[in-house]
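Hi,

Here is the structure I promised to pass on. Have a look at it first, and my notes on it follow underneath.

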Amino acid sequence: MHTGGEGALARFEIVDDPDDLGRLLGVILGLPPLPATEADLAAMRPLRTALTRIAYGLAEGSAPIPIDPPHPDDIATVNAAAAVPPLVPALRPDGGTTIVAPTTAAALSSVARDAVDLFSSALARRIRVCAAENCGLLLLDTSRPGQRRWCSMETCGNRAKVRAHRSRS
Ligand SMILES: [Zn+2]
């Protein structure tokens, strides 16, 4: 979701063409870039928008885009993407796994299916917006105590601690 979007999120866009999309999915999957077409890009954008809106709607914290309950159109978008055949995992002789003939359409389906699982699970209540000012990134707090506040301890967490220290001293 943090690859850009519509409206206020457009300035963060990093997926400008099909090659960007194929490269991004390859990085996520640990594979060479996936072949991607304009149609794949056109399928990714509404899915990303729907996932972003649903996630910010579920998140605690202040979101950079308006929050509403999940819109039926967004739910329909996610469900339609999830209905496409997903990536197919396979065992390798060395005991690892690989993905059989990965396509961008299948990868987007897997993303949508992961979202169906997440948004319907108890972990959905652990979706947060980073507590740092001027950040706004989403995070999924999978820590046991469930106290995570920042997208990254190295960046936002540290800045917040330095600021708190300065205001104390
Ligand atoms: Zn942050």
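**A pocket between two domains**

Domain 1 (7–126) and domain 2 (130–169) each contribute residues to the lining of the largest pocket, so this pocket lies between them. The domain bounds come from an automatic or database domain assignment.

Before the details, a word on how to read the numbers. This is a predicted model, in which local features need pLDDT of at least 70 and side-chain atom pairs count only at pLDDT 80 or more, while totals for chains, interfaces and linings use all residues. Residues are numbered from 1 along each chain as its sequence is written, and side-chain values use heavy atoms, with hydrogens and water left out.

The chain has 5 helices and 4 strands, in the order α-α-α-β-β-α-β-β-α along the sequence. These are DSSP runs numbered from the N terminus (helices: H or I, at least four residues; strands: E, at least two).

Back to the pocket. Its volume is about 710 Å³. A pocket here is an open set of points on a 1 Å grid over the protein atoms alone, where a 1.4 Å probe fits, with protein on both sides within 12 Å along at least five of seven lines; lining residues have an atom within 4 Å of a point. The volume is the space filled by probe spheres set on the points, which are joined across faces, edges and corners. There are 26 lining residues, and the closest to the pocket centre are Met1, Ile28, Leu51, Val111 and Asp114. Helix α4 gives the most to this lining, with 8 residues. The lining has 21 nonpolar, 3 polar and 2 charged residues (nonpolar being Ala, Val, Leu, Ile, Met, Phe, Trp, Tyr, Cys and Pro; charged being Asp, Glu, Lys and Arg; polar being the others, Gly among them).

As for the domains themselves, their C-alpha centres lie 25 Å apart. Their contact (heavy atoms within 4.5 Å) takes 7 residues from domain 1 and 11 residues from domain 2. Together they bury about 660 Å², 59% of it on carbon and sulfur atoms; that is the accessible area (1.4 Å probe) lost when the two parts are put together, summed over both. On the domain 1 side, Tyr56, Leu123 and Arg126 lose the most area, together 71% of what that side buries.

Finally, salt bridges (a side-chain nitrogen of Lys or Arg within 4 Å of a carboxyl oxygen of Asp or Glu). The count comes to 7, with 1 across the domain interface. Asp141 pairs with Arg126, at 3.8 Å between the closest N and O atoms. Arg45 and Glu13 form another salt bridge, at 3.3 Å from N to O. That pair links distant parts of the chain, with Arg45 in helix α2 and Glu13 in the segment before α1, 32 residues apart.

Best wishes
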